[in-house]
Amino acid sequence: MTRTAYALSYAYLLVSLLTLDCAVTSARNSAPLYAAGLATATLLFVVAAVREHMAADERRAEAVRVERAARLRAMADGREMRRAADTLAHACCERWWTSCGTQHASTCTHTTRKDISR
Ligand SMILES: [Zn+2]
């Protein structure tokens, strides 16, 4: 929960206490409509404070989900990079590349010399 969310939540609770006091005072001074209205306002401020907590929890859960997805994406990118590096590490000469690994260039060290005595 952010500092702003805490401050807003506590402000809602403080205002709800003030409106509750006003509701009680109105009820004691024979103003039932004001008392009912202020009591309703008190409940609404409490609901607002609770919703602020719930919204903060949802924002935190969403941030965790986004961070987890980014890490999974980075891990997948890392696997692709390692696979490409392995492929390049086992690469041979240009002729080997263009022939899909079936032939080597004449200057390649992997070229097997044909025995001409046979
Ligand atoms: Zn080769």
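Start with helix 2: select residues 32-89. In this predicted model, the 58 residues of helix 2 should span 86 Å at 1.5 Å a residue, and the end C-alpha atoms sit 85 Å apart, which agrees. Keep helix 2 on screen, and color A35, T42, A49, E52 and A56, which are buried. What covers them? Helix 1, residues 3-28, is part of the cover over the buried residues of helix 2.

**Next: helix 1**

Select 3-28 and run the same length check. With 26 residues at 1.5 Å each, helix 1 should span 38 Å; its end C-alpha atoms are 38 Å apart, so expectation and model agree. Now show the side chains of A5, S9, S16, T19, A23 and S26, the buried residues of helix 1. Turn the view to see what they pack against: helix 2.

**Zoom in: T19**

Stay in helix 1 and center on T19. Is T19 buried or exposed? Its relative accessibility is 11%, so T19 counts as buried. Add T42 of helix 2, which is buried as well, and draw a distance between the two side chains: T19 and T42 make a polar contact there, at 2.8 Å. To fill in the rest of the surroundings, select L38, A41, T42 and F45; T19 is in contact with these once its neighbours within four places in sequence are set aside.

**Round the turn: S30**

Follow the chain just past the end of helix 1 to S30, in the loop between helix 1 and helix 2. Check the backbone torsions here. The phi of S30 is near 60 degrees, a positive value in a residue other than glycine. Most residues other than glycine have a negative phi. At 66% relative accessibility, S30 counts as exposed, whereas T19 back in helix 1 is buried.

**Jump to the zinc ion**

Now center on the zinc ion and select C92, C93, H104 and C108. The donor atoms are SG of C92, C93 and C108 plus ND1 of H104, and they lie 2.1 to 2.4 Å from the ion. Which geometry do these 4 donor atoms give? Their angles around the zinc ion run from 88 to 127 degrees, which makes the arrangement tetrahedral; the cut-off for that label is that all angles lie between 85 and 135 degrees.

Turn on the sequence panel and you can read the spacing of the donor residues as C-C-x10-H-x3-C. C93 lies in the loop between helix 2 and helix 3 (94-98), while C108 is in the segment after helix 3, so this pair ties together parts that are 15 residues apart in sequence. If you switch on a surface, look for both cysteines: C93 is buried at 14% relative accessible area, and C108 is buried at 13%.

**Around the zinc end: C100 and T102**

Two more stops sit in the segment after helix 3: C100 and T102. C100 has a phi near 60 degrees, again a positive value in a residue other than glycine. Its relative accessible area is 72%, so C100 is exposed.

T102 is exposed too, with 60% relative accessibility. Show its side chain and look for the backbone oxygen of S99, which the side chain reaches at 2.7 Å. Then pick the C-alpha atoms of T102 and N29 and draw the distance: they are 73 residues apart in sequence and 100 Å apart in space.

**Zoom out**

Reset the view and take in the whole protein chain. There are 3 helices and 0 strands, and the elements run α-α-α from the N terminus on. Align the view with the principal axes, and the C-alpha atoms fill a box of roughly 120 × 20 × 15 Å. How does the radius of gyration compare with that of a compact globule of 118 residues? Such a globule would come out near 13 Å, but the protein chain has 36 Å.

Color by accessibility as a last step: 12% of the 118 residues count as buried. If you would rather plot a contact map, take the contacts with a separation of 6 or more; residues 24 or more positions apart account for 38% of them. For a closing view, bring back helix 1 and helix 2 with the T19 and T42 side chains and their 2.8 Å polar contact.

Methods:
Residues are numbered from 1 along each chain as its sequence is written. This is a predicted model: local features need pLDDT of at least 70, side-chain atom pairs count only at pLDDT 80 or more; totals for chains, interfaces and linings use all residues. Side-chain values use heavy atoms; hydrogens and water are left out. Donors are N, O and S atoms within 2.8 Å of the metal (3.2 Å for Na, K and Ca); water is not among the atoms, so sites may look incomplete. Four donors count as tetrahedral if all angles lie between 85 and 135 degrees; four count as square planar and six as octahedral if opposite donors are over 155 degrees apart and all others between 65 and 115; anything else is irregular. Helices (H or I, at least four residues) and strands (E, at least two) are DSSP runs, numbered from the N terminus. Buried means under 20% relative accessible area, exposed over 50%, partly exposed in between (1.4 Å probe, protein chains only). The expected span of a helix is 1.5 Å times one less than its number of residues. Contact means heavy atoms within 4.5 Å. A polar contact is a pair of N or O atoms within 3.5 Å; within protein, one must be able to donate a hydrogen and the other to accept it, and residues adjacent in sequence count only if both atoms are side-chain atoms. The radius of gyration is taken over C-alpha atoms; the globule rule is 2.2 Å times the number of residues to the power 0.38.
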